[in-house]
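Thank you all for making the time this morning. I would like to walk through one model with you slowly, so please keep the structure in view while I talk.

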Amino acid sequence: MAVEKFTYNADGTIPTINMTTAGPPQVGTLNPYVRQEAETVAWASGVETEASSEGGMNVGFAENGDHLKVKGVAFGTGASSFTARVASGSSGGRIEVRLGGATGTLVGTCTVPGTGGWQNWTTVTCPVSGATGTRDLYLRFAGGSGYLLNFNWWQFTSGGGSGGNVLANGTMEDGTTGWTASGGTLSSATVAHAGSRSLLTSGRTSAWQGPNQNVTSQLTNGKSYTTSVWVRSQSGTPSAKATLALTANGTTSYLQLTPAQTVNTGGWTQLTGTATVSWTGTLTNASFYVETAAGTDGIYIDDASFQ
């Protein structure tokens, strides 16, 4: 199906209309900071729609390389995160958030887990960097073979400014640069989630010890930050989480940035969450770190962002 703009002939008849993928001019921009149904698109490739158990319709039957195009999305000064309502009766996949084309600039990637059914819905959030101004948005599905996921709705969170990553060397490709260990030994490792390097904290003697980065000068009081970090264990199956320690006016408080999740030696687990960072008085220290709820198993981290 195509929708095209046309002008009646002088005699009132309808002219021959040539179908295009561009469609008619857009009547207005789209607001990405309110919930948008996944089927609200200018163009779709490879997917279908079906009735959703949550009401209305959802986009379904997404396979590797399929995509949705949303025209004229008004990001303004910048988005900080992307949230999607998804389900998967397989092992899941990824939603790549791209600008300008299906293989255009990648500004974020949300991992979709298997949920045990194509209508068993869950919500995933991932950080976004570089989505500013008014752009055509492409949501590209990626993963293995077969059907990957169903998609019900999406929404961005405004971050103001560029929405850039607060953490230095978040990809860990520059070794231990920017990072320290709050206990144990920090080293660069070749067991990587992406790229060729990760960080390993071994020899931990307390659960709170782990990779640590000082972000004192990078924070804005009262701002909402989205965290994403990939973790795996060197041994055992500890429960890991990301935490922010804030010291203001001589008092230290601890903000849990992500829900705790079990990690293991066999693969990478994404810790992700959104939290508002605030303090009273003068902030003298802020430290981002990954810890475990209990135990002292070594932990790897990779592809960390806090923005």
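Ser-305 touches Pro-127, Asn-165, Leu-167, Thr-226, Thr-227 and Ser-228, and that list leaves out residues up to four places away in sequence. Please keep in mind that what you are looking at is a predicted model. Ser-305 sits in strand E22, and with a relative accessible area of 9% it is buried, because buried here means under 20%. If you follow the chain from Ser-305 to Val-166, you pass along a separation of 139 residues in sequence, and yet the two C-alpha atoms are 7.0 Å apart in space.

That pair leads to a question about the chain as a whole: among contacts with a separation of 6 or more, what percentage is accounted for by residues 24 or more positions apart? In the protein chain that share is 73%. The chain has 307 residues, of which 45% count as buried, and its secondary structure comes to 22 strands and 0 helices. Along its principal axes, the C-alpha trace spans about 85 × 45 × 35 Å.

Let me stay with Ser-305 a little longer, since it also belongs to a pocket. The second largest pocket holds about 540 Å³ of space, and among its 23 lining residues, those nearest the centre are Gly-108, Thr-109, Pro-127, Asp-303 and Ser-305. Two or more lining residues come from each of strand E7 (92–99), E8, strand E9 (117–127), strand E16 (223–233) and strand E22 (299–306). Which of these elements gives the largest share of the lining? It is E8, with 5 residues. Sorted by class, the lining of this second pocket has 12 polar, 8 nonpolar and 3 charged residues.

Now for the largest pocket, where about 680 Å³ of space is found. Its lining is made by 27 residues, and Val-3, Thr-40, Val-41, Ala-42 and Trp-43 are the ones nearest its centre. The elements that contribute two or more residues to this lining are E2, strand E3 (48–51) and E5, and E5 gives the most, with 3 residues. By class, this lining divides into 16 nonpolar, 7 polar and 4 charged residues.

Strands E2 and E5 bring us to a sheet, and it may help to recall that strands of a sheet pair through backbone hydrogen bonds, either parallel or antiparallel. The sheet I have in mind is an open one of 5 strands, in the order E2-E5-E10-E7-E8, and its pairing is antiparallel. Why is one side of E2 and of E8 left without a neighbour in the sheet? Strand E2 (43–45) and strand E8 (105–113) stand at the edges, and each has a single partner strand, so on one side of each there is no neighbour within the sheet. From one strand to the next, the twist averages 20°.

At the E2 edge, the partner is strand E5 (residues 67–74), and the two strands pair in the antiparallel sense over 3 bridges. Within this pairing, Trp-43 stands opposite Lys-69 in E5, and Trp-43 is also one of the residues nearest the centre of the largest pocket.

Before I finish, I would like to point out two asparagines in loops. Asn-169 has a phi near 55°, which is a positive value in a residue other than glycine, and Asn-249 likewise has a positive phi, near 55°. Asn-169 lies in the loop between strand E11 (149–158) and strand E12 (180–181), while Asn-249 is found in the loop between strand E17 (239–248) and strand E18 (251–256). Is each of them buried or exposed? Asn-169 is buried, since its relative accessible area is 12% and the cut-off for buried is under 20%, whereas Asn-249, at 56%, is exposed, because exposed means over 50%.

Finally, please look towards the start of the chain, at Thr-7, which lies in the segment before strand E1 (36–37). Thr-7 is exposed, with a relative accessible area of 63%, and its C-alpha atom is separated by 9.8 Å from that of Ile-17, 10 residues apart along the chain.

Key: Residues numbered from 1 in each chain as written. Predicted model: local features only at pLDDT ≥ 70, side-chain atom pairs only at ≥ 80, totals over all residues. Heavy atoms only, no water. Pairing = 2+ DSSP bridges. Helix = DSSP H or I, 4+ residues; strand = E, 2+ residues; numbered from the N terminus. Axes fitted to C-alpha atoms, helices over the stretch in contact; angles between N-to-C directions. Buried < 20%, exposed > 50% of the residue type's maximum accessible area, 1.4 Å probe, protein only. 1 Å grid on protein atoms, 1.4 Å probe; cavity = no way out; pocket = protein on both sides within 12 Å on 5 of 7 lines; lining within 4 Å. Points joined across faces, edges and corners; volume = space filled by probe spheres on them. Nonpolar A, V, L, I, M, F, W, Y, C, P; charged D, E, K, R; others polar. Contact = heavy atoms within 4.5 Å.
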